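Welcome! Please look through the sequence and the structure, then work through the exercises that follow at your own pace.

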Amino acid sequence: MSDLPGSELPTLPVTFRPGRTRAVLLSAGVVIFLVISGVAMLLEKLGPGERLSFVVTGALIFSVLARLARVRVVADGSGVTVVNIASGRRLDWAEIIQVNLRPGDPWVFLNLTDGTSLPALGIQPGIDKQQAITDARALRALVEARSVRDPETPTGQDRG
């Protein structure tokens, strides 16, 4: 897919997620779990309950990092599903007015018809800025192509 606005639309369904960030989080989670569990097994003065508490702590840390890594934005024929750290939300195409990723933003924001803005953590420029820009443009193109437009809004004009 080209980085140019108005380029070819991605084939639906499409999932946007921060690939490098996800790899770092999951790798770190596995390493932390293994190190903490390994330390628990190597410390001879620990009893079975203490060893178990180390392993459970490592598992909890891994689960938190895995939860952080689950963020994504899934676009399909009927709308967009935004899965953030603690919640998920399903949106019809018509509910999304605008897709924003401004310089300095930590992730994409979706301006909605109800006047609110929904963060979409599945597209974030943290580790891979260029991929986030490409993904934001693709999602913006999909929103523009699939949203119901007001007949009085000129094509290409911001609607928010």
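The protein chain has a mean pLDDT of 89 (pLDDT is the predictor's confidence in each residue, from 0 to 100), and 88% of its residues reach 70 or more. This is a predicted model, in which local features need pLDDT of at least 70 and side-chain atom pairs count only at pLDDT 80 or more, while totals for chains, interfaces and linings use all residues. Residues are numbered from 1 along each chain as its sequence is written, and side-chain values use heavy atoms, with hydrogens and water left out.

**Exercise 1. Find the parts of the model where pLDDT is under 50.**

Step 1: Begin at the start of the numbering, where residues 1-6 stay under 50. The model has nine contacts for them beyond four places in sequence (contact means heavy atoms within 4.5 Å).
Step 2: Go on to residues 153-160, where the pLDDT is also below 50.
Step 3: Read with care: where pLDDT is low, the predicted coordinates should not be read in detail.
Step 4: Compare the elements: α3 has the lowest mean pLDDT among them, 95, and strand β3 (residues 79-83) the highest, 98.

**Exercise 2. List the secondary structure in order.**

Step 1: Count three helices and seven strands in the protein chain. Helices (H or I, at least four residues) and strands (E, at least two) are DSSP runs, numbered from the N terminus.
Step 2: Read from the N terminus on, which gives β-α-α-β-β-β-β-β-β-α.

**Exercise 3. Describe the sheet of four strands.**

Step 1: Write the order of this open sheet, β1-β2-β3-β4, with antiparallel pairing. Two strands pair if DSSP finds at least two bridges between them.
Step 2: Mark the edge strands, β1 (14-16) and β4 (88-92), each of which pairs on one side only.
Step 3: Look inside the sheet, where five bridges join strand β2 (residues 72-76) to β3. R72 stands opposite V83 in β3.
Step 4: Add the helix: α3 lies across β1, β2 and β3, at about 135 degrees to β1. Axes are lines fitted to C-alpha atoms, for helices over the stretch in contact, and angles run from 0 to 180 degrees between N-to-C directions.

**Exercise 4. Why does each of β5 and β7 have one side without a neighbour in its sheet?**

Step 1: Note the order of this open sheet of three strands, β5-β6-β7, with antiparallel pairing.
Step 2: β5 (96-100) and β7 (117-120) stand at the edges with a single partner strand each, so one side of each is left without a neighbour in the sheet.
Step 3: Follow the pairing of β5 with strand β6 (residues 108-112), to which four bridges join it. The bridge partner of N100 in β6 is F109.
Step 4: Place helix α3 (residues 129-146), which packs on this sheet and touches β5 and β6.

**Exercise 5. Are P103 and D105 buried or exposed?**

Step 1: Find P103 and D105 in the loop between β5 and β6.
Step 2: Recall the cut-offs: buried means under 20% relative accessible area, exposed over 50%, and partly exposed in between (1.4 Å probe, protein chains only).
Step 3: P103 has 83% relative accessibility, so P103 counts as exposed. D105 has a relative accessible area of 13%, so D105 is buried.
Step 4: Check the surroundings of D105: leaving aside neighbours within four places in sequence, D105 is in contact with N100 and P125.
Step 5: Set this beside the whole protein chain, where buried residues make up 34% of the 160 residues.
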